[in-house]
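What follows is a walk through one protein chain, from its packing to its charged pairs and its unusual backbone angles. Keep the coordinates open while reading.

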Amino acid sequence: METTYIVAVVIYNRKCYESETCKNLERIRKYFSLRIIIADNSTIETNNKEYCRLHNWEYLEMGGNVGLSKAYNKILDYVNTKDFHTIIVWVDDDTEITEEFFKELDSKAENSSNTHIFVPIIYGTDGIIYSPNTRRFFRNKLMTNENDIPVQSDFNAINSCMAIRMSVFDNYRYDENLFMDSVDQKYCEDMHLIGYKFCKLNIKITQHFFQRSEGLTAEKAWNRYKIRIHDFMYYANKNFLCRWLGIIKVCAWGIQIGIKCKSISFMMKCVWLSLKYAVKLSFERNI
């Protein structure tokens, strides 16, 4: 049976015609039959609805920045199918998705009836392979070369370009307590517990990561850090050890980003916020 592809783009404060992902999809759609859905998390006027109408794409207005989990769930409810042969591909608005990706995905999906989740090899602009990787609580183990394959029990991948059979979502939705960070990590962990199988696609995709961008400023990083610490500490709030390892990790993030931004005040604010979370969690869990 022929596979049907849905490509869901979550866009934030960017016009579709400026999006690297949308530009690529315009070209790829000449060769592949794709159902393209734009979920607009923007808080500014973008005119993306009109763009989608002109391109015969589907448009979902999120009513502001609701985060990834809520956007994903709204898309899943909108699509409303549990068909095994329908695959949804999540993409960010700055992903260099290619025609070769869909060729490889089409081949693997056709010949892997026992596989539910497909992920390409994701490179950052710094040349490092960030996905897939081996899931670890404190620090995920990155692949050192393209031939590495994480074991199924600890298989982890980022959301962007993750392709999933819609049958997976029969009784599953993303955790809406997570706004942006750890959404993918928790999803992969949940999929392992349920028993779904992952497959690495032998195709390379370049992803532009916010934290590693050249134009990163202390102000932009601070707004992003506040989201990241909330999400990760929610994910880490499992037991005594995980909570305190989580505090150490978010402190380290703050110091790392502060060094990149060359801002001592940023580092101090991050450490202060981390300690604030430590106290908050201590009271909540009666540690």
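A residue is called buried when its relative accessible area is under 20%, exposed when that area is over 50%, and partly exposed in between. The model is a predicted one. With that cut-off, Asp-93 counts as buried because its relative accessibility is 9%.

Asp-93 is a convenient place to start on the charged pairs. Side chains of opposite charge can pair when their charged atoms come close. Asp-93 and Arg-14 form a salt bridge through their side chains, at 3.5 Å from N to O. Asp-93 sits in the loop between strand E4 (86-92) and helix H4 (99-111), and Arg-14 in the loop between strand E1 (4-11) and helix H1 (20-28), so the bridge ties together parts that are 79 residues apart in sequence. Unlike the buried Asp-93, Arg-14 counts as partly exposed, at 29% relative accessibility.

A second salt bridge joins Arg-35 to Glu-58, with 2.7 Å between the closest N and O atoms. Arg-35 belongs to strand E2 (residues 34-40) and Glu-58 to strand E3 (residues 58-61), so this pair ties together parts that are 23 residues apart in sequence. Arg-35 is partly exposed at 29% relative accessibility, and Glu-58 is partly exposed at 22%.

The pair Lys-108 and Glu-104 is arranged within one element. Their side chains meet in a salt bridge at 3.0 Å, N to O. Both residues lie in helix H4, four residues apart, which is about one turn of the helix. An α-helix has 3.6 residues a turn, so residues three or four places apart point the same way. Lys-108 and Glu-104 are both buried. Elsewhere, Asp-175, Lys-186 and Asp-190 are linked in a network of salt bridges. The total count of salt bridges is 12.

Helix H4 also leads into the nonpolar interior. Its 13 residues should span 18 Å at 1.5 Å a residue, and the end C-alpha atoms are 19 Å apart, which agrees. Besides the charged pair, the buried residues of H4 include Glu-99, Phe-101, Phe-102, Leu-105 and Ala-109.

In soluble globular proteins, nonpolar side chains tend to be buried together. The largest nonpolar core here has 35 residues, of which Leu-34, Ile-38, Phe-101, Phe-102 and Leu-105 touch the most other members. At least two residues of this core come from each of E1, H1, E2, helix H2 (48-55), E4, H4, strand E5 (117-124) and strand E11 (198-207). What does Leu-105 contact, leaving aside its neighbours within four places in sequence? Leu-105 is in contact with Tyr-5, Ile-87, Val-89, Phe-118, Ala-163 and Leu-201. Another core lies apart from the largest one; this other core has 32 residues, among them Val-10, Val-119, Ala-157 and Tyr-187.

Ile-87 appears again in the surroundings of Thr-3, a residue in the segment before E1. Leaving aside neighbours within four places in sequence, Thr-3 is in contact with His-85, Ile-87, Asp-106 and Ala-109. Thr-3 counts as buried, at 9% relative accessibility.

Helix H1 can be read by its buried face. Its residues Thr-21, Cys-22, Asn-24, Leu-25 and Ile-28 are buried. These residues cover an arc of only 160° around the axis, which puts them on the same side of H1. The elements that cover them include E1, E2, H2, E4 and H4. At the N-terminal end, H1 is capped by Ser-19, with a side-chain oxygen 3.2 Å from the backbone nitrogen of Thr-21.

The backbone geometry remains. Most residues other than glycine have a negative phi, and most peptide bonds are trans. The peptide bond from Ser-131 to Pro-132 is cis, with omega near -5°. Pro-132 lies in the loop between strand E6 (129-131) and strand E7 (133-134). Cys-161, although not a glycine, has a positive phi of about 75°. Cys-161 is in the loop between strand E9 (155-156) and strand E10 (162-165), and at 0% relative accessibility it counts as buried. Ser-182 likewise has a positive phi, near 70°. Ser-182 is in the loop between E10 and helix H5 (183-194), and it counts as buried at 12% relative accessibility.

Technical notes
Residues numbered from 1 in each chain as written. Predicted model: local features only at pLDDT ≥ 70, side-chain atom pairs only at ≥ 80, totals over all residues. Heavy atoms only, no water. Salt bridge = Lys/Arg side-chain N within 4 Å of Asp/Glu carboxyl O. Buried < 20%, exposed > 50% of the residue type's maximum accessible area, 1.4 Å probe, protein only. Core = buried A, V, L, I, M, F, W, Y, C linked by side-chain atoms within 4.5 Å. Contact = heavy atoms within 4.5 Å. Arc of directions from axis to C-beta. Polar contact = N/O pair within 3.5 Å; in protein donor to acceptor, adjacent residues only side chain to side chain. Expected span 1.5 Å × (residues − 1).
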